[in-house]
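User: Please take a close look at one kind of feature here, a loop residue with an unexpected backbone angle. Then set it against the covered parts of the fold.

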Amino acid sequence: MVWQLGGGIDILDQQLNRIKHLVASNLPNSITSNAIKAITEDLNGDIWVGSWQQGIDVLHQDGSVTHFRADEGSHGLTENSIYALLVDEKNNVWVGTNGGGLFCFDRQLGRFISFSEKQAHSQLVIPTARVTSLYQSSATDMWIATDGDGAYYYNFATDSLINYRKGNPASALSDNTVRAFLQEGSRMWLATSNGINIIDTNSQQVKVINVADGMPNQVIYALLKGNDGMVWVSTNNGLAKINPENFAITSYKARHGLQGNEFNAGAYLKMRDGRLMFGGTQGVSVINPETLVKNKQGGQLALTRLQFDDQDLIISAGSKLGSLYQIEKSRIVTVPADITRMHLQVSYLHYSEPKTNKYSYRLEGFEQQWRNVTGPYLSIDYTNLPPGSYQLIVKASSESGANALAPLLLNIKVLAPWWQSPAFYVVCAVLVLCLVWLLTVLWTYRIRKQKYQLEQLVNERTDEIAEQKALIEQQADALSDSLENKVRFFTHASHELRTPLSLLIAPLQRLIFNEKNTDKREQLTLVLRNSRRLENLVDKLLTLTRYDERNEEIIKVVSLSAIAREVAGQFSVLGEQSVEFYVEIEEAIFISSTREGLITILSNLLSNAFKYTKQGSVSLKITTHDNNAFIEVTDTGKGIADAEKEKVFDIFYRVSSQANVEGSGVGLAIVKRLVDKYQGDIQLVSRLAVGTTFTLRFPLAEALEQATSVSIDSENLKAKKNCEQPTVLVIEDNDELRHYLKTELHPRYQVLLAEDGHVGLQIAQSQVPDLIVTDLMMPKVDGFAVLDALHSSPVTCHIPVIILTAKGDYETRVSGLKQHALDVITKPFDREELLLKVENWIDWVNQYAQQHVIQVPDQSPPKADTPVDPRDKQLLEKLEHYVSENYQQQGFSMTHCAKHLALSERQLQRKLKVFLNMTPSEYLRDYRLIKAAELLRQGRQISLVIDDIGFSSRSHFSKFFKVKYGMTAKEYQCHYV
C-alpha cells in the first residue's frame, strides 16, 4: 500500500502486478481526502488513515469507514492535520497532529485524549503543537518527535518523560526539528533538520553526523536499517548508507537510479522481504541492499599532457603522444632552468563514473601534504620550482571504491641556472676571502697607528694627572685636619655643656616644685624651658657631628615601610589634636640605609611639620615608582618664601617668618646629610600661607638582601653554638615589623610568629617559648590581656615578656610593668638595645633554671627547691607524687605524666627544663636510679631491684647506674652493705 500527498492511496498487488487506487469521493464509505500523511493498521485489522486537512479515516474489515474530524462529533480530536499514527502493544492508537499536539484514542471511552496538557495519573505532557513522528522501541518505550521542541522519550512502566533538545547541557541535539527514529541496539538514531543525532541510551551521550562527516545533505527525512546491517537515510540530496560500526558513509544520487535527489518526510517503509522503499518528489525508490553490487575493478593511470610554459613537450622531433609515452616509460622529466611553469594532466582510465573519480597527489621533496581532487581528470601546475630532484606520486579511485592498479610515479629534476652552479660558488668564495684579507690588513694598519697616537696622549695626560693628584692630596690632608678639628671642637664643647645643663635643670625642677610664689615660679619655668632648649640644641650638635665623622655606619637593607609605621605611631597622638595627621604607606618597601638614620630623617621632618602647623593637616606618604622609593611629608603651615628655600638646609639657619617658633636650625641640616649619605635626594616645594612639602627619593633595594646581610655588630652579641637554640615568640599585628623582628632574631634563636594576641596565646600554650616579645595595641586581644592570660596559666606563668609599644608615656610603661612584664621598649626602638635585652633575659632564664635545679641526695627521691610561683611548686609536687605511684611499671613513661597533669609533652618538657634543667625522660630515669640505690643499700638482689624499679633492660640499667654513681650496682652494694 502506497499513499501519495494529493493522490489518495495506491494499493500494489505484487502477485498480479497491478495497482488499485483509493481516492476521496462523496460516497459514505470512501476516504475524505486525497492528501494522505500517515497510515497504520491496529490489532483488529482496521486501517487508520491520517490526512493533511480532513482528520482520520478508519477503514474496517467489513468495508465500513469511520470518520474523525475536529469539527464533527464529540470524539475529542481537535486538529484535522495529521502527521503520524502509531498502534501500541495495548492496541491504543497514538496520533501526532500539526497544531493540536499528541492524542491517544481510548477504546473504552471511544474518544481521543489530548496530552498537550497533564492528564490524571500520567506524567506524559507534550507542550508543543506539532508532533511529526511516533516510534515504539519496546513494549514500554515510546519516542515522540516534534517540530521545534526536539524529541521526547516516555516510559510507560515508570511513567517518566525525558526531553532531548538543542541547548540541553545533559543531552543536546543539533536541531529541535525531529522527523524519524530508528532503534539500533542500545542507540537511538534521530533524523533532524541538521544531521543525524545518535543517543546512547545508557550514557545519554549524543553523537552528531552531518555534512562535515560525509552526509549528502543536513536535512534528514527517514531512517531504515537494512538486512545487511547498514542504516539507510533519505535526505534532500539523495540517499546515504551508514555503517553503524565505524560510521562510514556512502552516498547515492539520481544518477545511480533513484527517482530523484529530493525525498519526502514520512515516506519510507521496510518490506517483509528486506527491500527498502523511500518516497520522493518524483516517485518511489525501492532498494534491495543484499543485491546491491558495486564495480570495484580498478584501471590504469595515464599521463595525458605535459607542458613547459604553456608549450607541449615534444622529445627529439617526435609526436606529442610519443613523447608522453617515452616519459611515462622512463618515468623521468628534466626541467630546464629557464622554465617557470610546468603543467601536467593525468587521467584515470575507469569509465563507470568519470566525473566522480577521486585523485590524490603529492610532489615529494616539495610538499608534505596530499592534495585531493575530484573530476574526470587531474590537472597539476607547479610554478618556479627550486632546483633539485622531486618525485610526483599520483593515486586515484572511483566512487565505488575501485582503486587504480598502481600509482603513477614520475621523477622530476629541475636544473639550476649557471649562477647557482658549484663552480660559481667556488669563485665567489675565493673573491670574498681575498676581500676579507685586504680589509683585515688595512684595518690592522689603522689600529696600530691609532694605538701609537693614543699611547703618546696617555703618557702626556698621566703626567698631568700625577701633578694634580699630588696637589689634591695636599689639599685633602689640610681639609681633613680642619674637619677633624671642627668635629673634635663640637664634640668636646657639646659634652662640656651637657654637664652644667644637667646641674641647672635638676635644681630648677626642684625649685619650681617647691616654689609657691606665682611670679617666681613663672620666671623659673622660663629659665627651665630655655635650659631644655639649650639641651636639645646640644643633642642636635652631637648628632650632626656624629654623622660628619669619617667612620661610617654600616649601611644595609632596611624596611622603610615598617620603620615609617613606627615613627608615624609616635606622632599619631599629635594628630588627635587640632591638626589632622594622614598616613599612607605602601607595603614591603626596602632601601639601603641604617635604621637609626631613617628614624632621624622621619622624626625631624614630621616634628617640623607639626611644629609649624597650628591648624590644618600633616600627611606622610610613602610610595614607589620606577625602582625608587619616595617619602613625601606635607603640611598646611605657614610656608617658606622662595628666597629662603635654598638656605633651609644650612646649619643654624632659621626662616625669618618663623623666628617666634622654638627651634635650633639643625634638624634639616641633619636630614640633608643623611639623605646624601644614603644616595638619595630631597626636594622642597612651599608657598607662603599654603604649606610645605618635602619629597625624598631613595633607590629601591631587594628585600632578600636584608635577610642575607643581617649581622650583629655588637661584640656582646656573639652567637652561642648550643645544641638547642632558645625559643622566642613574637606577637605583632604589623606584618613587616613582625618579619623584621624574625630576621633580626633568627640567627640566634628559634623564632615563632603570631599576628595577634589570640594566636599568640595559643602558640604560647602549645610551644612554651623561653621569651615573648609582644606589641601592646593589637586587634582582638591586646598586650595587657596577653600578659594577664600568660601569668594566670600554670603552663606559661614563668615566661618573661618584653613589651614593644608606640605609646612611650609614663602611665603605659608603669601599667605594663604592673602586668608582670619584665621590660617595656618604646617604638621606634634601637635594634642593638632590643637584641641585648632579649639576650640578657634569656640568659636570666637559663641562670634561673640552673639555680632551681633539684639537689638529689642519694637517700631520697628527687625533690625540687621551692619555685618562686606557688603554682609551679604545686605542679612539681603533683608530678613527683604521680611518678612515685607508677614508676615501678615497665611501660610507664612521661607521656602518662603529661596526660595526668593536663599538659602536652612539649609543655611538660619546657617546664622541667626551666625548673629542673632536665628532660622528662631524665627525670624519670633519675628517680628510678635513686630508688634502686635505696633498695641496694637494703641488701636486695640486683635482678629483683631492676624489676621493682621498672627497667626493662639490665644493660641499660647498668649503663645509667654507673654514669650516675660512678660505679656498678654490685660495687655500690658492696660499698654500702
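Analyst:
**Loops, strands and helices**

Gln-204 counts as partly exposed, because its relative accessibility is 26%. Keep in mind that this is a predicted model. The cut-offs matter for that label: buried means under 20%, exposed means over 50%, and partly exposed lies in between. Now the backbone. Gln-204 has a phi near 65°, which is positive, and the residue is not a glycine. Its place is the loop that runs between strand E18 (195-200) and strand E19 (206-209).

A second loop residue makes a useful partner. Ala-689 also has a positive phi, about 65°, and is not a glycine either. Its loop links strand E41 (681-687) with strand E42 (691-699). Ala-689 counts as exposed, because its relative accessible area is 71%.

Next, a covered strand. Strand E30 spans residues 341-348, and seven of its eight residues are buried. E30 has a pairing with strand E27 (residues 301-308), antiparallel, with seven bridges. Within that pairing, Ala-302 faces Ser-347 of E30. E30 also pairs with strand E33 (residues 377-383), again antiparallel and over seven bridges. There, His-343 sits opposite Asp-381 of E33.

Now a covered helix. Helix H5 takes in residues 595-611, 17 residues in total. From first C-alpha to last, H5 reaches 24 Å, close to the 24 Å expected at 1.5 Å a residue. Of those 17 residues, 13 are buried.

Helix H19 shows a two-sided pattern. H19 covers residues 969-976, and its buried residues are Ala-969, Tyr-972 and Gln-973. These three lie on the same side of H19, because they cover an arc of only 95° around the axis. The general rule helps here. An α-helix has 3.6 residues a turn, so residues three or four places apart point the same way. Which residues are exposed on the other side of H19? They are Lys-970, Cys-974 and His-975. And what covers the buried residues of H19? The cover includes three helices: H16 (920-937), H17 (942-949) and H18 (954-965).

To recap the two loop residues: Gln-204 is partly exposed at 26%, while Ala-689 is exposed at 71%. In contrast, strand E30 is mostly covered, and so is helix H5.

Note on methods
Residues are numbered from 1 along each chain as its sequence is written. This is a predicted model: local features need pLDDT of at least 70, side-chain atom pairs count only at pLDDT 80 or more; totals for chains, interfaces and linings use all residues. Side-chain values use heavy atoms; hydrogens and water are left out. Buried means under 20% relative accessible area, exposed over 50%, partly exposed in between (1.4 Å probe, protein chains only). Helices (H or I, at least four residues) and strands (E, at least two) are DSSP runs, numbered from the N terminus. Two strands pair if DSSP finds at least two bridges between them. The expected span of a helix is 1.5 Å times one less than its number of residues. The arc is that of the directions from the helix axis to the C-beta atoms. Contact means heavy atoms within 4.5 Å.
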